[in-house]
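Here is a short briefing to read alongside the sequence and the 3D view. Take a look at the fold first, then follow the points below.

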Amino acid sequence: MRRRVLLPLLVFGLIAVIAVLIPVGQAIAQTRTSQLALQRTAAAEQIVQRARTALAQGDTAALQAYLERFERTYGEAVLVLDERGDVAARAGDLVRDDRVDALVTAASRTLPQWSLPTVLPWGGDTADVAVPVIAAGDLPRGVVVLRVDLREARTDVTLGWLLVAAVGGLLLVALMAASLLWTRWVLRPVKALDAAVAAVAAHRPLESVPASGPPELRSLSRAFSRMAVEVEDALEQQRGFVADASHQLRNPLAAIRLRVDALPRSAEDAADVAAVEQDLDRLEHTVDRMLVLANAEHRVSTRRRGPAEDDRGRSGPLSAADLADRHRDRLAAAGLTLVADAAPVLSPPLPRADLDEIVDVLVDNALQYAGPGAQVRVTVEPGPVIRVDDTGTDLRDDDLARMGTRFWRAGRHQGRTGTGLGLAIVDQLMTASGGRLELARSPEGGLRASLRWDAA
């Protein structure tokens, strides 16, 4: 986000600095050109006065000496022509060519050719100008051609531009530093809010969000902190309610069962009493599963508050056969085949009781929904990873998206025993141990439940 905020600021800042520097650079070049023009105008006027006297007297020796001193002093060539266009005096390497002839022709019409190009760092080294020598009566007596040396002026302009560029660079650096500080100040609460949202989504402990930045973001930070505390309190109350309600239901259920058992039995009431006892069994089973789920959720919440060792220890070395063999007879009685190898052997990072609970749930699911004749395969892989696959044919693609939702059961399975909490319990137990449950269609056709720990 910072880059997306900084980039427009820097682009607009660069445009603004360039918009200021270009006129400043042009002003430097034009000012130095004007200074050079003024200097050379005065020098040319001196030459014109001496040329007027020399041409009027017909003696150009003094003029020649002056031109030579001028050329040694300024390093600029000078050419003086009389009214017939012949060379009266000269100094330097200025020779007549078409360009010089054009200047001489224009100047002989008493039109001074005094137009220096704007001096730029990449411009030429010299520029030619021509000034008419006017005698009495405004009659042209000759022309002075001066080759102006632009190199010193060009150096001055280049240095001026470099100084301006350096100032512009400093301005950009200052703008960048100010933009970084400003965006950091503005975005600091946004980053803190992002981290806080991630913590709430992952049910991790929420640290206080600092109220910094603009007033609107400070207000948002305070509102979010209040909301997050309320959400966490509500979740804790919900978990506590489930645990307390499940625990409190045990005693009334036990009392009801005792009263049912003490009821006088008759042949005509036997069916009703049996139905009540069956409902009590289902209710007690649901309460037990809710207690197991509440306990798993509490351990997940504890783990998210900070790493802590489970005082029940880890499972010892186990193979797939160690995990599943105790279910073999039960599966065989229901017409299912169990496949579980004795190798390899792994040590999953959770207590053995939790691992047995997880495997019990997954095998029970296969027992209830895979159908007679199906095969249940339990495998272990390095990682560690434990997989339970079945070859059942009753799994639909839309079932996968809702599996693990509490109390959810497919409509076609509503008549079968079960609470719809099994996979939710497995998911919470895996999360409490630092792993995760992955549900997918097995290559063998039924359900594949994978227990995975990335860093055991």
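**Strands, helices and a surface patch**

Strand 1 (residues 78–82) and strand 2 pair in the antiparallel sense, with 4 bridges between them. Please keep in mind that this is a predicted model. In that pair, Val80 stands opposite Ala89 of strand 2.

**The sheet**
- Strands 1 and 2 belong to an open sheet of 4 strands, which has the order 2-1-4-3 and antiparallel pairing.
- The edges are held by strand 2 (87–91) and strand 3 (126–134); each has a single partner strand, so one side of each is left without a neighbour in the sheet.
- From one strand to the next, the twist averages 10°.
- As a general reminder, strands of a sheet pair through backbone hydrogen bonds, either parallel or antiparallel.

**Helices across the sheet**
- Helix 2 (residues 61–74) lies across strand 1, strand 2 and strand 4 (140–149), and it runs at about 25° to strand 2.
- Helix 3 (residues 98–107) lies across strand 1, strand 3 and strand 4, and it runs at about 30° to strand 3.
- Strand 1 and strand 4 thus appear in the list for helix 2 and again in the list for helix 3.

**Helix 1 and the nonpolar patch**
- Leu7, Val11, Phe12 and Ile15 make a nonpolar surface patch of about 420 Å².
- One of these residues, Val11, lies in helix 1, which spans residues 2–57.
- Val11 counts as partly exposed because its relative accessibility is 39%, a value between the 20% limit for buried and the 50% limit for exposed.

Definitions and conventions. Residues numbered from 1 in each chain as written. Predicted model: local features only at pLDDT ≥ 70, side-chain atom pairs only at ≥ 80, totals over all residues. Heavy atoms only, no water. Patch = residues over 30% accessible without salt bridge, like charges linked within 9 Å, V, L, I, M, F, W, Y side chains within 5 Å. Areas by Shrake-Rupley, 256 points an atom, 1.4 Å probe, with all protein chains shown as cover. Salt bridge = Lys/Arg side-chain N within 4 Å of Asp/Glu carboxyl O. Helix = DSSP H or I, 4+ residues; strand = E, 2+ residues; numbered from the N terminus. Buried < 20%, exposed > 50% of the residue type's maximum accessible area, 1.4 Å probe, protein only. Pairing = 2+ DSSP bridges. Axes fitted to C-alpha atoms, helices over the stretch in contact; angles between N-to-C directions. Contact = heavy atoms within 4.5 Å.
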